[in-house]
Amino acid sequence: MSKVDPESIRALLPENQRAQPPFFFPAEQIQKFVKDLKCTVQDLGRALAQLIAPFALAPLSEFHVGACTFGQTGNAYLGVNMEFTGTTINQNVHAEQCAITNAWLRGEKQLVRMCTTETPCGHCRQFMAELPGFDEFEICVVGKPTKLIQEFLPEAFRPVALNIDWKKINPFISTFNNATLDSDISSLPENQKSLVNKTFDAFKKAYSPFQISQTSPSAAGIRLKNGDVFSAGYLENIAFNPSMMPLNAALVAMLTQSHNHDWSQIESCVLLEDPKSKVQQSLCAKSFLCALSQNATFSSYQVSVDHKRTE
Ligand SMILES: [Zn+2]
């Protein structure tokens with residue numbers, strides 16, 4: 001078994017993917033890479049993280065981080081750090097969060113390892129500590145041996161600390177199927193109606209289990225000037241601050257599903273939430289949107305949820 005040169009993966013990609021590798025590789029392609037390159041899946045993941053790192057959006061740090069997480073399905077989901085100018089520094093998305101959100105949005109149910117070009121920061125260790133499969137979750141950093149996440153985060157603060165049975169609150173299977181869209185969207189233009197409906201679908205998969213007798217799901221959707229639409233739900237973390245806000249998650253969707261990161265092309269953004277929720281996203285999302293695309297319109301729509309979680 002040998003280490004993998006990222007360029008040897010590039011050479012195996014179809015011609016149209018060589019300049020810009022995709023953020024997703026299905027299990028069959030991963031198995032073929034492992035066979036052709038005679039490597040371990042861990043070393044393949046390290047090299048995929050290196051392959052995607054140059055596509056990091058790092059105007060603040062110029063520090064390019066690549067990540068590649070693997071699902072139980074064998075699929076691989078890539079991510080990069082995403083930094084934004086003109087707004088607060090806590091809007092930034094770390095590469096590991098980007099990869100995990102990418103996997104979540106594509107329907108993966110459980111992750112088994114994270115491969116990165118850099119040692120994960122404390123924020124990302126906390127974010128990953130909540131994932132189902134924690135006990136066996138591997139971290140594979142380029143140039144370093146594979147370790148379990150518990151070695152990176154001993155005595156982790158996890159959902160069990162709140163007496164929550166984390167097996168029942170898996171972010172990858174969370175659903176708010178009983179939510180109802182209260183805002184009347186019947187008179188909206190078709191493209192806006194379709195954006196709201198797609199965002200409502202994302203809302204039902206939001207994850208917000210960590211407030212006392214409460215839950216605050218939300219989702220954001222964006223439409224670009226070319227008509228492309230992306231949407232994503234809110235992904236709460238038990239330590240609160242590492243949570244993925246819904247607009248940030250929608251930007252991950254835009255980047256990882258289309259390779260487009262020209263935020264000025266966003267023409268419309270919608271935010272769905274329950275006005276009775278204790279956590280509210282609209283104000284923050286609206287000001288963040290202004291920093292991304294000054295002329296984009298912002299609209300919020302009301303959704304009702306049963307504040308007791310549905311399983
Ligand atoms: Zn991090």
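# Reading a sheet and two domains

Visitor: Hello! To begin, which residue in β11 is the bridge partner of T180?

Guide: Welcome! In this predicted model, T180 has S304 as its bridge partner in β11.

Visitor: How many bridges join β7 to β11, and in which sense do they run?

Guide: Here is the general idea: strands of a sheet pair through backbone hydrogen bonds, and the pairing may be parallel or antiparallel. In this case β7 and β11, which covers residues 297-304, are antiparallel and are joined by two bridges.

Visitor: In what order do the five strands of the open sheet come?

Guide: Following the sheet across, you meet β7-β11-β10-β8-β9, and the pairing is mixed. The edges are held by β7 (180-181) and β9 (229-233); each has a single partner strand, so one side of each lacks a neighbour in the sheet.

Visitor: In what sense does β9 pair with β8, and over how many bridges?

Guide: β8, residues 218-224, pairs with β9 in the antiparallel sense, and five bridges link them. As an example to find on screen, A219 has G233 of β9 as its bridge partner. While you are there, look for helix α8 (residues 246-258), which packs on the sheet and touches β8, β9 and β10 (266-273). The direction of α8 makes about 135° with that of β9.

Visitor: Do tell me about the other pairing. Do β10 and β11 run parallel or antiparallel?

Guide: β10 and β11 run parallel, with six bridges joining them. In this pair, V270 stands opposite S299 in β11. When you trace side chains along such a strand, remember that in a regular strand they alternate between the two faces of the sheet.

Visitor: Which helix makes a β-α-β unit with β10 and β11?

Guide: That is α9, residues 282-292, and the unit is right-handed.

Visitor: Now let us step back. Into which domains is the protein divided?

Guide: There are domain 1 (6-157) and domain 2 (180-304). Their centres, taken over C-alpha atoms, are separated by 24 Å. As for the record, the unreviewed UniProt entry places the feature "domain: CMP/dCMP-type deaminase" at residues 40-160 and 190-311.

Visitor: How many residues of domain 1 are in contact with domain 2?

Guide: 21 residues of domain 1 are in contact with 19 residues of domain 2. On the domain 1 side, the elements giving two or more residues are α4 (95-105) and α5 (122-129). The largest share, six residues, comes from α4. By class, that side of domain 1 has ten nonpolar, ten polar and one charged residues.

Note on methods
Residues are numbered from 1 along each chain as its sequence is written. This is a predicted model: local features need pLDDT of at least 70, side-chain atom pairs count only at pLDDT 80 or more; totals for chains, interfaces and linings use all residues. Two strands pair if DSSP finds at least two bridges between them. Helices (H or I, at least four residues) and strands (E, at least two) are DSSP runs, numbered from the N terminus. Two residues are in contact if their C-beta atoms, placed from the backbone, lie within 7 Å. Axes are lines fitted to C-alpha atoms, for helices over the stretch in contact, and angles run from 0 to 180 degrees between N-to-C directions. A crossover is right-handed if, with the strands pointing away from the viewer, the path from the first strand over the helix to the second runs clockwise. UniProt positions are given in the numbering used here, feature names are shortened, and annotations may be inferred rather than shown by experiment. Domain bounds come from an automatic or database domain assignment. Ala, Val, Leu, Ile, Met, Phe, Trp, Tyr, Cys and Pro count as nonpolar, Asp, Glu, Lys and Arg as charged, and the others, Gly among them, as polar.
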